[in-house]
Amino acid sequence: MILDLIKKNFNLDEQQINELSNLTSFLDDNKCSKIIEELISLKLDFQTVCAFLLDQAVEKTNIEENFIKNKFGLETLELFNNLQIIKSLHTQTRTEEAENLRKMLVAMSKDLRVLIIRLYCLLYELKSYKLPLSEEQRNITTEVKEIFAPLAERLGLNVIKSEMEDECLKLLEPSVYLSLENNVNLKRDENQKQIEITKAKLEEILKELGIKGQIMARQKHFSSVYKKMQSKHLPLAKIYDLIALRVIVDKIEDCYAVLGKIHAIYKPMPGRVKDYIANPKANGYQSLHTTVIAENNRPLEIQIRTVEMHKNSEYGVAAHWIYKEKRTKKSSLDSRLSWIREIMEMGKDMSSKDFIQTLKTNLYGGVIFVQTPKGKVLEFPEGATIIDFAYAIHTEVGNSCVGGKINNKIRPLDTQLSNGDIVEILTSASSKGPSRDWLNIVKTADARQKIKLFFKQELKDENIKKGKVILEEAIKDKGLTVEKLFQDKFLDEVFYKFSVANLDELYAAVGYGSLPSKVVVSKLIQEYEKTIVKDKAPEEVQQITLKANKDGILVDGSSGLLIRFAGCCSPVQGDNIVGYISRGKGVTVHRDNCPNLKYLEKERLIKATWDINSEKPFVTTIKIVAEECPNLISLVVKELDNFKVKSMDSHTKNNVSNATIKLEINKKEELTALIKKLKQIKGVVDVYR
């Protein structure tokens, strides 16, 4: 039967038929045939069916990878291997971890065809259970209820979801299920007849009004009825949407026209007409609801909405699974799966090839999910190591970790983690803390920041000594002495400028690397120069006009005096500027709002203007403050494509990134436009010069 079903739906050669014949000879013919029919009804391909059969066969016999690859192809092998991985996944059905476990399942499957196979296998496994359940069967049933059934709904596989939930109710609360099954209001055959009668009348209404629309119908499953009775504290007699129809039209005015016609045919129940179009729910849900008394004298709910309202209800923040799980917004998993759900529901209108190609999407490429021994799920970038995991648990765990266990096997600290790993950190009270080499191993910004903080705090004495040497060497390189620059009045200005309390903190900051020595020395020299006895001022220059000479060097247009730009404010053409006559260094040009002007001698400041014909590019610096988010760097770099970037430096602290970019600009207008574009990038908090 299995082989006949496959031959009927796929073109097979003689060799494939022989291999499948051998493979299916010892499988459960009835169960496998039903699952294959379900897979084929979803337009799934031959490779998916083969992966399913191999999964069933591997439980009864040994199957080697080379055999699968040679007989059924590499794609089938990959599906089979991924299916074995998610089957072995260690899950604990703790409510707070359910969403993360679902993320991990999606990430580990890599191909949604694997998940679909797993969902159908679990459904038919539940159908094979008999009461009373063993402890293992009870655990699997609970896992299906809390993890897999909601995942099936997210994927648009509502039939699987409803059947799973009904089977779970039958197995976990058999007396409740039996009571519902015997209730006259839930007789499925009778209710189905009423649906067909009402649907025909609704089609006639649309035809009479000349309105294009779609009519959908459903009977509420036992599990859904029971959930509503529990959540609303209602008896079954007060549940009015046991059977329901939905009319989807193009325009809002069509909704009200259809509602009026329905009420002309059926008597509405008092208090059961609700206008969520004029008065949407808090989550944005819109629709018209009415409950009428149908021909069988039982309540029947009809919902009327536009196509746009329906999409929001099914895939947006008003989606019913978000409402049922008492959430106010979509999770990251919702966002990734919403378009897949839409594709699943539209699959009948797609070619089989396009449909399969969509399902091959790896929704979590570049991301892995791993677990603690207690079942907590943590998310990391690919390449993350045991050290990253340790710091994600707690800073002290990271600082004292000496190794780790992955799936109960001891592994070194630099071991990279894989999807589904169960990781346990080994710590030691005698650990001396992290090594600087760890900074080259870790992949997460959080771990890197915590390691740096350790060196900053725990190795302060070492940093003070190191910083003192670095700073004194930098002063000597400038041809000056520590005695000249380390005067209290100079140091006070430096402490204030860099927000340090004393000389030790200044040394530590330099030694740790958070404060460049050249910046500190530059500030000290600036303070020192203010006190030097003034030399004879150079020939007075009342005003300068910036112009590039034939060698491209910037000069004063009239005197030929050498000009240079101040590094502190990096002016560009279009900025309002002033010049500062330096001793032996020509004229330094600042923006007229440069904060450092207040430290300069006012009598040395002169007027300055731009030569409007100059086309010389200018080097300037911009700073970007941003929250960590995916693709941020690539989006920033994309905006910088048309500019020559001289240097780029960035660091992240507490999930906030600060980047300093030095680039060439022709005119201020270019810079203003660039800053505006950068500010529009998602995650960017501020951009400034």
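User: Which residues touch the most other members of the largest nonpolar core?

Analyst: Those are I6, L20, I36, F52, L53 and M164, and the core has 69 residues. Helix α8 (residues 112-128) supplies the largest share, 12 residues. Bear in mind that this is a predicted model, where local features need pLDDT of at least 70, side-chain atom pairs count only at pLDDT 80 or more, and totals for chains, interfaces and linings use all residues. Residues are numbered from 1 along each chain as its sequence is written, and side-chain values use heavy atoms, with hydrogens and water left out.

User: What makes something a nonpolar core?

Analyst: It's a set of buried Ala, Val, Leu, Ile, Met, Phe, Trp, Tyr and Cys residues joined through side-chain atoms within 4.5 Å. Buried means under 20% relative accessible area, exposed means over 50%, and partly exposed is in between (1.4 Å probe, protein chains only). In soluble globular proteins, nonpolar side chains tend to be buried together.

User: Which residues does M164 touch, not counting those up to four places away in sequence?

Analyst: M164 touches L119, L122, L123, L126, V144, F148 and A149. A contact means heavy atoms within 4.5 Å. There's also a second, separate core of 30 residues, including I563, V572, F618 and L632.

User: What makes strand β15 (residues 587-591) count as largely enclosed by the rest of the structure?

Analyst: Five of its five residues are buried, so the label follows. V587, V589 and R591 point one way from β15, T588 and H590 point the other way, and all are buried. Strands here are DSSP runs of E with at least two residues, helices are runs of H or I with at least four, and both are numbered from the N terminus.

User: How do you know that β14 (residues 577-581) and β15 pair?

Analyst: Two strands pair if DSSP finds at least two bridges between them. β14 and β15 have five, in the antiparallel sense, which meets the rule. I577 stands opposite R591 in β15. Strand β13 (residues 563-565) passes too, as three bridges join it to β15, and those two run parallel. There, F565 has V589 as its bridge partner.

User: How do you know that the span of helix α14 (residues 252-265) is close to what's expected?

Analyst: The expected span is 1.5 Å times one less than the number of residues. For the 14 residues of α14 that gives 20 Å, and the first and last C-alpha atoms are 21 Å apart, which is close. Its buried residues are D254, C255, V258, L259 and I262. They cover an arc of only 140° around the axis, so they sit on the same side of α14. That arc is taken over the directions from the helix axis to the C-beta atoms. E253 and A264 are exposed on the face turned away from the buried side. The buried residues of α14 pack against α12 (188-209), β2 (243-249), β4 (288-293) and β5 (299-306).

User: Which residues of α28 are buried?

Analyst: L671, L674, I675 and L678 are buried in α28. Their arc is only 100°, which puts them on the same side of the helix. On the other side, E669 and K676 are exposed. Among the elements covering the buried residues of α28 are β17 (618-627) and α27 (632-639).
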